[in-house]
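Colleague: I am new to this structure and would like a close look at one part of it. Please take a single helix and show how it sits among its neighbours.

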Amino acid sequence: MKPLDGRVAVVTGASRGIGRATAEALAGAGARVALVARGAPELKEAADAIGPDALAVAADVSDPDSVRAAFRRVDETWGRLDALVCNAAVAVPARVEDADDAALAQQVATNLLGAVYCTRQAIPSLRAAGGGDLVYVSSDAGVAPFPLLAVYSATKGGLEVFARAVRAELAPDGIRVCLLRPGPTLTGFARDWDPGAAAAALEVWQAEGHLRAGELLDSGTVAESVVHVLTRPPGAELRELDVRPTTPRE
Ligand SMILES: NC(=O)c1ccc[n+]([C@@H]2O[C@H](COP(=O)([O-])OP(=O)(O)OC[C@H]3O[C@@H](n4cnc5c(N)ncnc54)[C@H](OP(=O)(O)O)[C@@H]3O)[C@@H](O)[C@H]2O)c1
């Protein structure tokens with residue numbers, strides 16, 4: 001018997017990084033998991049690696065119709081939902097005065113509106129299951145905003161306010177809400193960044209104490225925290241969780 005046997009979870013941004021590790025950890029704890037992301041081949045590879053308890057659902061969280069179709073598919077496949085992990089996000093480093101229109105819109109639409117669209121679709125199923133869990137993957141940037149990531153930081157701050165309001169709205173339905181704030185984590189989050197802009201940003205973040213050389217979390221460690229949140233006993237809610245790297249011991 002595993003702690004999440006019989007439960008169904010949706011994880012957005014699950015084709016790589018923290019989302020993929022979370023989908024793997026939830027499946028390892030017994031859940032059936034729908035993995036959501038845009039890039040179908042990478043998504044399929046992630047779901048195939050988990051096995052029959054995983055469902056690859058290609059969708060764009062920034063598009064409300066795409067989100068509606070994704071949750072319909074989960075409902076048609078498994079007929080229930082117990083947890084949603086809103087993890088998909090993008091960041092584009094730039095000084096505000098230099099930020100381009102498309103990058104600004106993409107960050108707000110993915111990181112903030114994406115979570116809103118997914119939450120809206122998940123609520124009826126969570127309520128029908130008699131309660132469940134909403135986990136919002138925020139960031140240390142949501143409470144200590146990063147220069148050169150002003151818009152990304154603002155989307156995480158907005159996500160945090162949204163999550164608290166949703167908790168107040170859904171508490172009578174037995175739906176728990178957790179804000180999970182990873183610190184710097186080794187993933188491909190910066191893989192599409194302009195190398196020059198990334199190097200310049202890194203220098204500023206290290207100088208201002210947002211990052212420390214050699215201090216990085218493993219995505220599996222963050223994923224274990226999500227399992228911990230979902231396995232709290234009924235009657236208890238883990239509301240906020242900061243997961244930060246420490247300097248490794250020699
Ligand atoms: N890595 C860090 O240091 C760090 C630190 C603090 C917080 N976080 C947060 O942790 C979460 C995961 O970050 P990560 O580092 O694991 O990122 P990542 O490796 O870049 O993975 C991002 C995932 O989101 C998906 N995605 C992006 N846009 C999407 C969209 N519009 N619709 C659906 N899926 C979308 C990507 O797949 P497709 O591109 O194929 O859609 C991918 O699966 C994010 O919320 C991030 O803000 C990360």
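Modeller: The buried residues of helix 3 pack against strand 1, strand 2, strand 3 and helix 4 (101-128). This is a predicted model. The residues of helix 3 that are buried include V67, A70, F71 and V74. These residues lie on the same side of helix 3, because they cover an arc of only 90 degrees around the axis. On the other side of helix 3, D65, R72 and E76 are exposed. Helix 3 thus has V67, A70, F71 and V74 buried, and D65, R72 and E76 exposed on its other side.

As for its dimensions, helix 3 has 15 residues. From its first C-alpha to its last, helix 3 reaches 21 Å, close to the 21 Å expected at 1.5 Å a residue. After helix 3 comes G79, and the phi of G79 is positive, near 70 degrees.

Next, the sheet. Seven strands form an open sheet, in the order 3-2-1-4-5-6-9, and their pairing is parallel. Strand 3 (54-58) and strand 9 (240-243) are the edge strands, each pairing on one side only. On average, neighbouring strands of this sheet are turned by 15 degrees against each other, direction ignored.

Two helices can now be placed on this sheet. Helix 1 (residues 17-28) packs on the sheet and touches strand 1 (8-12), strand 2 (32-37), strand 3, strand 4 (83-86), strand 5 (132-137) and strand 6. The direction of helix 1 makes about 170 degrees with that of strand 1. Helix 3 (residues 64-78) also packs on the sheet, where it touches strand 1, strand 2 and strand 3. The direction of helix 3 makes about 155 degrees with that of strand 3, which is one of the edge strands.

At strand 9, the other edge strand, four bridges join strand 6 (residues 175-182) to strand 9, and the two run parallel. Within this pairing, L180 stands opposite L241 in strand 9.

Some of these elements also take part in the surroundings of the ligand. There are 30 residues around the ligand, and G13, G17, R38, G39 and A89 come nearest. Helix 1, strand 2 and helix 4 are the elements that give two or more residues to the shell around the ligand. Helix 1 gives the most to that shell, with three residues. Of these elements, strand 2 and helix 4 are also among those that the buried residues of helix 3 pack against.

How values were computed: Residues numbered from 1 in each chain as written. Predicted model: local features only at pLDDT ≥ 70, side-chain atom pairs only at ≥ 80, totals over all residues. Pairing = 2+ DSSP bridges. Axes fitted to C-alpha atoms, helices over the stretch in contact; angles between N-to-C directions. Contact = placed C-beta atoms within 7 Å. Expected span 1.5 Å × (residues − 1). Buried ≥ 20, exposed ≤ 12 C-beta atoms within 10 Å, placed from the backbone. Arc of directions from axis to C-beta. Near = placed C-beta within 6 Å.
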